[in-house]
Amino acid sequence: MVEKKLGAWLDGNIIDSDKATVPILTHSMQYGSGIFEGIRAYDTGKGVSIFRLDDHIERFLNSAKIYSMKLNYGFKELREACMNLVKSNGLTYGYIRPFAFYNDARIGVSTEGKAVSVFIAAMPFGDYFGGKHDKGVSCKISSWQRINSSILPVEAKASGNYLNSIIASNEARGVGFDEAILTSSDGYVAEGPGENIFVVKDEKLITPGPGSDILMGITRDSLIKLAKSSGIEVEERAVHKEELLTADEAFFSGTAAEITHIYKVDGAVINDGLAGPVTKKLAQMYGDAARGKNEKFKEWLTFV
Ligand SMILES: Cc1ncc(COP(=O)(O)O)c(C=O)c1O
């Protein structure tokens, strides 16, 4: 079978993905000044649907706003671009990566007057943890703290923030763990390098809130709403590291990670290494909602 070449959207046109190039001195490559999104599309059995597309586009526009980055495209155009790209790439499921960047090779940190481009990629995409999703992941509490809003805006999904994620992730992987967990500036549990975190204690779902230096994840928000809809009590609050070590269950949430259970944190094994009942229930509810099997949450779907 000949594999279909993927197209990408660049400043209003769909081009061959591998023909998209930028000068090596591009500002966003030198200084990490891009902003981006990660969005999943799912096969609903009645067509492909993009999950919470409008919320992702809104966060994308807010990330640009925080950095005074002037995009040449608004909500409607970006939304349609994502839909058209999924369609023209013939995807039945996958991942969409909108990326806005300073497409300008002039030397100098200031972004004033620098050209901004928007690029969107859309591709098939499965397990973020490379086959470990079902087994779960082991985590190291990082020696690196999560950046906080007095240093960089954590609620902007900006490329530069991911250096903090990368160094924590490298540290954890370097000593044999699958993933890192970063703490906030005041020592509470914050999030993973690219995931939010939840713990379950006495059947209650607990997750760090905006005060804990986290990206306000869209999957996190979906899970809170799904949990509440099924009568699970939810607390958004500061989480001590020891609460994580002694949790009944723990899991990551994220567009890429979806719901991935954490079976070990440092030396502490959680729920005998298995995904617990609340984790499994929420993973099922999330999968059903994303695949259009829950009428109550169908406003989260955008059919392409
Ligand atoms: C640092 C960080 N936290 C949390 C998340 C989860 O956010 P979402 O559920 O919107 O994908 C992500 C992924 O986008 C992330 O990069």
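In this predicted model, β11 and β12 make a hairpin in which two residues lie between the strands. One of the turn residues, aspartate 202, has a positive phi of about 50°. Glutamate 203 also sits in the loop between β11 and β12, and its phi, near 65°, is likewise a positive value in a residue other than glycine. Glutamate 203 is exposed, because 12 other C-beta atoms lie within 10 Å and a residue counts as exposed at 12 or fewer.

The two arms of this hairpin are antiparallel, and three bridges connect β11 with strand β12, residues 204-207. Within that pairing, valine 200 has leucine 205 of β12 as its bridge partner. Strand β11, residues 196-201, also pairs with β14: five bridges join the two, again in the antiparallel sense. Here phenylalanine 198 meets a phenylalanine, its bridge partner in β14 being phenylalanine 251. In contrast to the exposed glutamate 203, β11 is mostly covered, with five of its six residues buried.

β14 leads on to the ligand. This strand, residues 249-254, and helix α5, residues 218-229, each supply at least two residues of the shell around the ligand. The most is given by α5, which provides three residues. In total, 14 residues surround the ligand, and the closest are Gly217, Ile218, Thr219, Gly254 and Thr255. As for the character of the shell, nine of its residues are polar, three are charged and two are nonpolar.

A second hairpin is found earlier in the chain, formed by β4 and β5 with four residues between the strands. In this hairpin glycine 45 takes a positive phi, near 85°. Strand β4, residues 39-43, runs antiparallel to β5, and three bridges join them. Alanine 41 is the residue standing opposite isoleucine 50 in β5. On its other pairing, β5 is joined by three bridges to strand β17, residues 301-303, once more antiparallel. In that pairing serine 49 stands opposite phenylalanine 303.

The side chains of β5 are worth a closer look. In a regular strand, side chains alternate between the two faces of the sheet. Strand β5, residues 48-51, shows Val48 and Ile50 pointing one way and Ser49 and Phe51 the other way. All four of these residues are buried.

A further positive phi in a residue other than glycine belongs to asparagine 271, at near 50°. Asparagine 271 is placed in the loop between β16, residues 268-269, and α7, residues 277-290. Its surroundings hold 19 other C-beta atoms within 10 Å, so asparagine 271 is partly exposed; a residue counts as buried from 20 upward.

Turning to the chain as a whole, its secondary structure comprises seven helices and 17 strands. The radius of gyration is 19 Å, close to the 19 Å that the globule rule gives for 304 residues, so the chain is as compact as a globular protein of that length. The C-alpha trace spans about 50 × 45 × 35 Å along its principal axes. Of the 304 residues, 44% are buried. Among contacts between residues at least 6 apart in sequence, 69% join residues at least 24 apart. The pairing of β5 with β17 offers an example, with serine 49 opposite phenylalanine 303.

Methods. Residues numbered from 1 in each chain as written. Predicted model: local features only at pLDDT ≥ 70, side-chain atom pairs only at ≥ 80, totals over all residues. Near = placed C-beta within 6 Å. Nonpolar A, V, L, I, M, F, W, Y, C, P; charged D, E, K, R; others polar. Rg over C-alpha atoms; globule rule 2.2 N^0.38 Å. Contact = placed C-beta atoms within 7 Å. Pairing = 2+ DSSP bridges.
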